[in-house]
Amino acid sequence: MISSKNKNLSIVIPVYNEEASIADTLKIFQKLVLSSDFEIEVLLVNDGSTDKTKSILENSKEIDQKKIKLINQKNNSGYGSSIKLGLKNAAFDNYLITDADNTYPNEDILNFSNNFFKSKSDMIIGDRTKVFYKNFFTYLTPKNIGREIIRIFSSVLTNYNIKDINSGYRIFTKKLYSECSDFLPNGFSLTSSITCLAINYNYTIEYKEIPYRKRKGKSKIKPIKDFLNFINLITRMIIFTKPLRVFLPIFLFLFLSGISLMFLRIFYTKQFFGTSVTLIILSFLFIFFGYVFELLLLIYKKK
């Protein structure tokens with residue numbers, strides 16, 4: 001079956017303090033635009049850079065505001081906010097996001113996109129895990145351990161094998177983005193959130209292995225803060241879309257714990273009665289709230 005996707009593409013690149021790599025990035029995208037056999041536009045969103053990035057962008061010969069466009073934000077508003085601003089100004093039916101630091105294979109975007117146009121998938125995500133796991137022991141840093149915890153946590157909540165939870169190199173349809181956009185955050189967790197939302201909305205997701213290079217310049221991620229934000233936001237995303245996937249496991253854990261303590265009291269000790277009753281009552285409260293959220297979700301969808 002031939003894919004019915006329109007063959008066009010809006011590429012959004014959030015840019016913040018990338019003076020070390022932005023000139024090379026612009027050259028890559030100029031070549032890409034000139035060699036493309038389908039409609040394409042590139043939107044660079046300068047997110048209030050405080051180094052020489054803005055000056056390089058504004059004086060660049062590659063930016064013509066027709067195929068390669070520049071959007072300047074006065075203040076830094078966040079990775080996710082920059083992507084959302086770029087997509088708000090996008091002209092086409094298919095969106096691709098990538099980074100400006102040349103860690104992703106931007107030179108291969110045309111092949112990556114053509115695979116998407118031919119496929120039945122609503123989103124194809126660049127999978128970096130082969131690169132990450134190549135040197136397993138060097139991979140064990142606090143940042144990467146946090147990423148793995150988030151990936152496993154998200155996989156459990158969505159009941160889906162998520163390979164790369166926060167890859168910033170992905171292509172997806174306008175329809176998918178439109179359904180998810182209201183719930184997407186302004187920070188780095190946008191990529192994790194759109195992955196979980198797309199799964200819960202039953203969109204078709206595909207992973208494609210990509211190379212991943214060491215970045216130039218300093219990473220903008222704050223490991224502890226962003227890790228906690230990821231966990232918080234992903235939990236909220238699941239509650240907003242599939243609430244029983246959060247509340248049902250909590251109900252089962254509390255209910256079974258309460259029953260177990262009650263049996264211990266009956267057969268082995270006179271303790272635990274008050275605790276067991278409390279846990280059972282709490283378990284029913286959680287399942288009650290789960291069904292309330294399910295009902296509210298049905299009402300929201302009918303509007």
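A residue counts as buried when its relative accessible area is under 20%, and serine 192 of this predicted model meets that criterion because its relative accessible area is 1%. Serine 192 belongs to helix 9, which runs over residues 190-200. When the neighbours within four places in sequence are left aside, the residues in contact with serine 192 are Ile165, Asn166, Phe230 and Ile234. Tyrosine 207, by comparison, lies 15 residues from serine 192 in sequence, and the C-alpha atoms of these two residues are 14 Å apart in space.

Helix 1 shows how burial can be distributed around a helix. This helix comprises the 14 residues 22-35, which at 1.5 Å a residue should span 20 Å, and the expectation agrees with the 20 Å that separates its end C-alpha atoms. Its buried residues are Ile22, Thr25, Leu26, Phe29, Leu32 and Val33. These residues lie on the same side of helix 1, because the arc that they cover around the axis is only 125 degrees. The exposed residues Lys31 and Leu34, in turn, are carried on the face of helix 1 that is turned away from its buried side. The cover over the buried residues comes from both strands and helices, including strand 1 (8-15), strand 2 (39-47) and strand 3 (68-73), together with helix 2 (53-58) and helix 4 (109-118).

Aromatic rings offer another route through the model, since the structure holds 15 aromatic pairs. One of these is formed by phenylalanine 251 and phenylalanine 255, whose rings are stacked, with 5.6 Å from centre to centre and 20 degrees between the planes. Both residues belong to helix 11 (residues 244-267), and because they are four residues apart there, about one helical turn separates them. Their accessibility is described by separate classes: phenylalanine 251 is buried, with a relative accessible area of 13%, whereas phenylalanine 255 is partly exposed, with a relative accessible area of 25%.

Elsewhere, ring pairs join Tyr104, Phe112, Tyr169 and Tyr212 into a cluster. The ring of tyrosine 212 also has a charged partner, for the charged end of arginine 128 sits over this ring at 5.1 Å from its centre. A further arrangement of this kind involves lysine 5, which lies over the face of phenylalanine 116 at 4.4 Å from the ring centre.

Key: Residues numbered from 1 in each chain as written. Predicted model: local features only at pLDDT ≥ 70, side-chain atom pairs only at ≥ 80, totals over all residues. Heavy atoms only, no water. Phe/Tyr/Trp six-rings, centres within 6.5 Å; stacked < 30°, edge-to-face > 60°. Helix = DSSP H or I, 4+ residues; strand = E, 2+ residues; numbered from the N terminus. Buried < 20%, exposed > 50% of the residue type's maximum accessible area, 1.4 Å probe, protein only. Lys NZ or Arg CZ within 6 Å of the ring centre and 35° of its normal. Expected span 1.5 Å × (residues − 1). Arc of directions from axis to C-beta. Contact = heavy atoms within 4.5 Å.
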